[in-house]
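Hi there,

Here is the structure I promised to pass on to you. Have a look at it first, and then read on for what turned up.

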Amino acid sequence: MAEWSNWSGRVRAEPGAIVPADRETTVIRAVREAAKAGQRVRVVGAAHSHSPLVPTEGVLLDLADFTGIVGVDRESGVARIRPGTRIADLGPPLRAEGAALLNQGDIDRQAIAGAIATGTHGTGTTLRNLSSGLIGARIVLSDGSVAECAADREPELFEAARLNLGGLGVLTELSLAVRPAYRLQEKIWLEQVDAVLERIDSLTGATRHFEFFWMPGSDRAACKSLAETDADPVYPLAEEGKRLAWSDEVLANHRPDKHSEMEYSVPREEGPACFRALREMLHRDFPDLAWPLEYRTLAADETWLSTAYQRETVTLSVHQGIDQPDGPLFRACETIFRAHAGRPHWGKVHFCTGDELARLHPRWKDWWRVRDTWDPDRRFLNPHLERLRPAPA
Ligand SMILES: Cc1cc2nc3c(=O)[nH]c(=O)nc-3n(C[C@H](O)[C@H](O)[C@H](O)COP(=O)(O)OP(=O)(O)OC[C@H]3O[C@@H](n4cnc5c(N)ncnc54)[C@H](O)[C@@H]3O)c2cc1C
């Protein structure tokens with residue numbers, strides 16, 4: 001028995017074995033051996049998920065050394081990337097090829113396959129999550145065979161793989177959309193939060209990226225915008241809020257304080273009302289909360305399990321320190337998110353059942369149908385995912 005815990009230490013597991021794999025043949029062998037022994041298989045990326053997606057009593061495949069860029073085709077705007085590559089390790093080599101990721105989240109510590117598996121996103125009304133940038137993948141399936149998928153090749157497997165929750169198989173190579181390398185100028189400022197909400201559409205539309213953080217108890221928001229620029233990068237890099245550099249150097253932030261997090265995506269037009277409802281509830285019921293609420297935007301997409309599936313989106317995240325109880329806080333927030341048609345972030349805390357998810361996600365049952373077709377022995381499921389299975393029709 002081995003021991004495993006996630007980034008915050010809140011999610012723990014005792015897998016039968018943790019098996020490192022630095023190449024596809026090792027993954028295939030491990031999956032075949034697990035199948036022979038009747039064991040389940042899960043994969044861990046960088047262990048940054050707050051939801052119990054990784055824990056298994058079976059075999060936990062660790063792809064931390066399965067890294068690197070296989071190739072970049074600038075003409076078609078596609079980079080082929082090995083699954084364990086940290087997002088932080090993509091910036092410089094992509095830039096050397098004149099390319100960059102379309103967007104990134106708050107941090108760059110995640111493995112690319114782990115980030116894709118949960119719909120990791122940044123902010124920007126014209127920008128989609130990382131999963132929507134997946135345009136092809138190689139997947140080791142439950143019998144150890146390898147499938148290649150893309151929009152025109154095993155299209156249903158591909159749609160399910162874009163945001164896959166680790167439940168389809170092991171992604172061993174990802175083809176990801178990239179764009180020409182670009183520079184960003186970062187700006188932060190404080191503003192009355194009600195004034196921000198009143199002009200939220202012009203703020204979110206004014207620059208490529210806009211978000212704000214609001215600290216409970218405060219009447220002001222810390223606003224942050226990132227605008228594309230042709231200006232030369234300034235080194236050494238300035239502190240967060242003042243950077244002018246290549247996109248990967250500006251998009252990533254340092255977030256060392258251990259916390260747990262709940263995040264929901266609501267329809268764009270519900271964002272301000274949902275924020276106000278959360279603010280009122282937090283003032284009343286959790287006046288001592290010392291962690292910020294984060295407000296971001298996402299473009300609509302077509303990725304089956306994306307929280308922005310076919311709707312322009314606002315994401316709202318609530319945080320709690322790991323030394324504090326988070327259950328009552330998150331349950332109170334979730335009641336409000338649900339009242340605003342919220343869909344939970346797959347990699348963060350939520351208390352939804354499979355049937356609730358089926359009501360929130362038009363393609364949830366399709367995802368399970370495809371998953372069960374390609375993994376009939378349920379090799380790649382774990383207790384958390386089993387709990388999220390929708391009831392049969
Ligand atoms: C400090 C912090 C900041 C964060 N900021 C953001 C943010 O800005 N935006 C956002 O959207 N999220 C954010 N998150 C959430 C995080 O991006 C997601 O939970 C992400 O999935 C974590 O990636 P990981 O590499 O750690 O994956 P893990 O947590 O290790 O795994 C996530 C899932 O990926 C699966 N997986 C991993 N590799 C493979 C593979 N090769 N094949 C198949 N499945 C695989 C795992 O089985 C699991 O189901 C943040 C989390 C933390 C702790």
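The side chain of N382 has a polar atom 2.9 Å from the backbone nitrogen of L385. N382 itself sits in the loop that runs between α11 (364–374) and α12 (383–387). With a relative accessibility of 1%, N382 counts as buried. Please keep in mind throughout that this is a predicted model.

That loop has a second residue to look at. R378 also lies between α11 and α12, and its phi is near 60 degrees, a positive value in a residue that is not glycine. Most residues other than glycine have a negative phi, and most peptide bonds are trans. Unlike N382, which is buried, R378 is partly exposed, at 34% relative accessibility.

Where else does a residue that is not a glycine have a positive phi? A47 does, with a value of about 60 degrees. A47 belongs to the loop between β4 and β5 (59–62). Its relative accessible area is 15%, so A47 falls under the 20% limit and is buried.

On the peptide bonds, there is a cis one to report: it runs from Y235 to P236, with omega near -5 degrees. You will find P236 in the loop between β14 (220–229) and β15 (244–246).

Now to the ligand, which I expect you will want to open up first.

Which residues come nearest to the ligand? Of the 37 residues around it, these are V43, H48, S49, D106 and T118. The shell divides into 17 nonpolar residues, 16 polar ones and four charged ones. Three elements each supply at least two residues of this shell: β4 (41–44), α3 (112–118) and β11 (170–180). The largest share comes from α3, which gives five residues.

The ligand also has polar partners in the protein backbone:

- One of the ligand's oxygen atoms is 2.7 Å from a polar backbone atom of G45.
- A ligand oxygen atom lies 2.8 Å from a backbone N or O atom of A111.
- A ligand nitrogen atom is 2.9 Å from a polar backbone atom of L171.

How much of the ligand does the protein cover? On its own the ligand has 970 Å² of accessible area, and the protein covers 98% of that. As for its place in the fold, both domain 1 (4–62) and domain 2 (69–181) give residues to the shell, so the ligand lies between them.

T118, one of the residues that come nearest to the ligand, is found in helix α3. T118 is buried, with a relative accessible area of 6%. In case you want a long-range reference, T118 and L329 are 211 residues apart in sequence, and their C-alpha atoms are 23 Å apart in space.

Two other threonines are also worth a line each. T123 lies in the loop between α3 and β9 (134–140), and it is buried, at 7% relative accessible area. The C-alpha atoms of T123 and H209 are separated by 5.5 Å, although these positions lie 86 residues apart along the chain if you count from one to the other. T353 is in the loop between β19 (343–344) and α10 (354–360). T353 is partly exposed, with a relative accessible area of 39%. T353 and R387 are 34 residues apart in sequence and 7.0 Å apart in space, C-alpha to C-alpha.

Last, the cysteines. How many disulfides does the structure hold? The number is zero. C333 is in no disulfide, and the nearest cysteine sulfur to it, that of C274, is 9.0 Å away. C333 is buried, with a relative accessible area of 0%. Why is C352 without a bond to C274? The closest cysteine sulfur to that of C352 is the one in C274, and at 13 Å it is too far for a bond, because a disulfide needs the two sulfur atoms within 2.5 Å. C352 is buried too, with a relative accessible area of 7%.

Happy browsing, and do write back with any questions.

Best wishes

Note on methods. Residues are numbered from 1 along each chain as its sequence is written. This is a predicted model: local features need pLDDT of at least 70, side-chain atom pairs count only at pLDDT 80 or more; totals for chains, interfaces and linings use all residues. Side-chain values use heavy atoms; hydrogens and water are left out. A residue is near a molecule or strand if one of its heavy atoms lies within 4 Å of it. A polar contact is a pair of N or O atoms within 3.5 Å; within protein, one must be able to donate a hydrogen and the other to accept it, and residues adjacent in sequence count only if both atoms are side-chain atoms. Accessible areas come from the Shrake-Rupley method with a 1.4 Å probe; for residues, only the protein chains shown count as cover. Helices (H or I, at least four residues) and strands (E, at least two) are DSSP runs, numbered from the N terminus. Ala, Val, Leu, Ile, Met, Phe, Trp, Tyr, Cys and Pro count as nonpolar, Asp, Glu, Lys and Arg as charged, and the others, Gly among them, as polar. Domain bounds come from an automatic or database domain assignment. Buried means under 20% relative accessible area, exposed over 50%, partly exposed in between (1.4 Å probe, protein chains only).
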